[in-house]
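This briefing covers one protein model, with the points grouped by topic. Please have the structure open while reading.

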Amino acid sequence: MRDVPLPDGAAGAPPARIVDGVRAWVTSPPLRDLVVRFGGDGPPGDPPSGDRLPRDPLSGDPLSGDLAAALAWLDDFSARHWDFRGGRERPEAAEPAFDPRTAGLVLAAASALGMARPVPPARRAYAHLVVLGGLAHACLRRVAYAAHLVRSGTAVAGEVAVLGSFRPLSGAERRTLADAGVAAGDTEVDALDAAVRLAFGVAGPAEADGVDAGHPHRSWSSRTWRPAGSPPVRVLAAPSGEPGRRRAHTADTQRFWAEHVRLAPGDPVLMVTAPVYVPFQHCDALRTLAVPYGCGIETVGVDPALPDLARLPEPAPTPGRYLQEIRSAIRSMRALHAAVADG
């Protein structure tokens with residue numbers, strides 16, 4: 001399968017070009033093949049209903065008519081067929097059993113959709129480098145990759161921003177860190193602090209700020225580290241945008257960081273995550289950063305082949321996990337499309 005590009009992250013990309021990128025991704029052959037494999041098909045010209053693909057009324061081409069309707073349909077379809085979390089955290093998702101043909105199709109589609117292979121940064125210099133938090137072992141891997149990029153010559157004019165939340169670490173995460181000899185505290189942001197100490201060789205932050213509001217969904221913290229020969233590294237834990245309902249998510253942390261750093265139009269920003277999350281977190285960053293601030297967004301996944309990362313290997317994503325994150329990408333693209341259309 002030919003690789004499918006993500007929506008354009010260039011600074012100042014016009015809304016029409018972003019919409020074209022969303023349309024190209026959600027109407028791509030790899031995603032269509034997956035939808036059909038899971039029963040999403042119907043006669044040309046039929047109205048979208050249940051598992052029938054929405055089709056252009058003139059050409060009969062599936063998913064290429066009203067993009068908002070197609071995204072809504074894909075959101076609903078993926079909720080019924082590819083949501084194995086059921087509102088739980090990612091590690092608690094069920095892993096379905098697939099026949100070899102279906103599993104192979106999922107793996108091939110994930111690769112073509114930009115979720116399986118790491119791609120190095122396209123530029124040599126950025127205004128900011130942003131590391132997205134996650135599970136404890138991922139925190140260490142992503143921060144280590146950011147340190148590798150800085151040491152290997154990627155210039156960062158502003159700061160390395162490491163974004164997380166006060167999500168409590170699970171027992172499994174604590175055991176993983178203990179097995180690696182890492183004392184990482186109680187929360188995701190504690191694990192990120194530990195990762196910065198290890199990867200950048202610093203003992204403690206130079207500046208610290210924050211508010212303890214008595215509840216992790218409402219509190220925030222900011223700690224800035226100043227490694228020798230490196231741009232400053234800020235570890236930021238954001239409050240939730242809906243503190244009565246949930247913890248802070250990726251979009252909350254990105255918005256909170258942008259307000260702190262005074263993100264400027266034209267700033268090229270490099271985002272670091274895991275390859276499996278690149279499409280959904282790239283589109284989240286376009287919606288929360290590129291569209292309102294006019295900055296550029298490039299999103300890359302950690303390269304698992306680097307020796308720096310050998311101490312905490314990343315488990316290979318399963319077909320179920322790929323489908324779950326394809327669903328995340330669909331939902332992120334739906335929100336991006338709505339934001340661009342409303343703007």
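In this predicted model, strand β8, residues 268-273, is mostly covered, with six of its six residues buried. Strand β8 is joined by bridges to β2 and to β9.

**Strand β8 and its two faces**
- On one side of β8, the residues P268, L270 and V272 are buried.
- On the other side, V269, M271 and T273 are buried as well, so that both faces of the strand are covered.
- In a regular strand, side chains alternate between the two faces of the sheet.

**Neighbours of β8**
- Strand β2, residues 128-132, runs parallel to β8, and four bridges join the two.
- Within this pairing, V131 stands opposite V272 of β8.
- Strand β9, residues 296-301, also runs parallel to β8, and here the number of bridges is six.
- V272 of β8 stands opposite V300 in β9.
- Between β8 and β9 the chain passes through helix α9, residues 278-293, and this β-α-β crossover is right-handed.
- V272 thus has V131 opposite it in one pairing and V300 opposite it in the other.

**R167**
- R167 is located in a loop that has β4 (160-164) before it and α6 (171-179) after it.
- Is R167 buried or exposed? Its relative accessibility is 9%, and because the cut-off for buried is under 20%, R167 counts as buried.
- The R167 side chain makes a polar contact with the side chain of E173, at 2.9 Å.

**Cysteines**
- C139 has a relative accessibility of 1%, which is under the 20% cut-off, and therefore counts as buried.
- C295 likewise has a relative accessibility of 1% and counts as buried.
- How many disulfides does the model contain? With a cut-off of 2.5 Å between cysteine sulfur atoms, the count comes to zero.
- A disulfide is a covalent bond between the sulfur atoms of two cysteines.

**The protein overall**
- The secondary structure consists of ten helices and nine strands.
- Of the 343 residues in the protein, 52% are buried.
- Taking contacts between residues at least 6 apart in sequence, 71% join residues at least 24 apart.
- The accessible surface is about 14600 Å², and carbon and sulfur atoms account for 54% of that surface.

Conventions: Residues numbered from 1 in each chain as written. Predicted model: local features only at pLDDT ≥ 70, side-chain atom pairs only at ≥ 80, totals over all residues. Heavy atoms only, no water. Buried < 20%, exposed > 50% of the residue type's maximum accessible area, 1.4 Å probe, protein only. Contact = heavy atoms within 4.5 Å. Areas by Shrake-Rupley, 256 points an atom, 1.4 Å probe, with all protein chains shown as cover. Polar contact = N/O pair within 3.5 Å; in protein donor to acceptor, adjacent residues only side chain to side chain. Pairing = 2+ DSSP bridges. Right-handed = clockwise from strand over helix to strand, strands pointing away.
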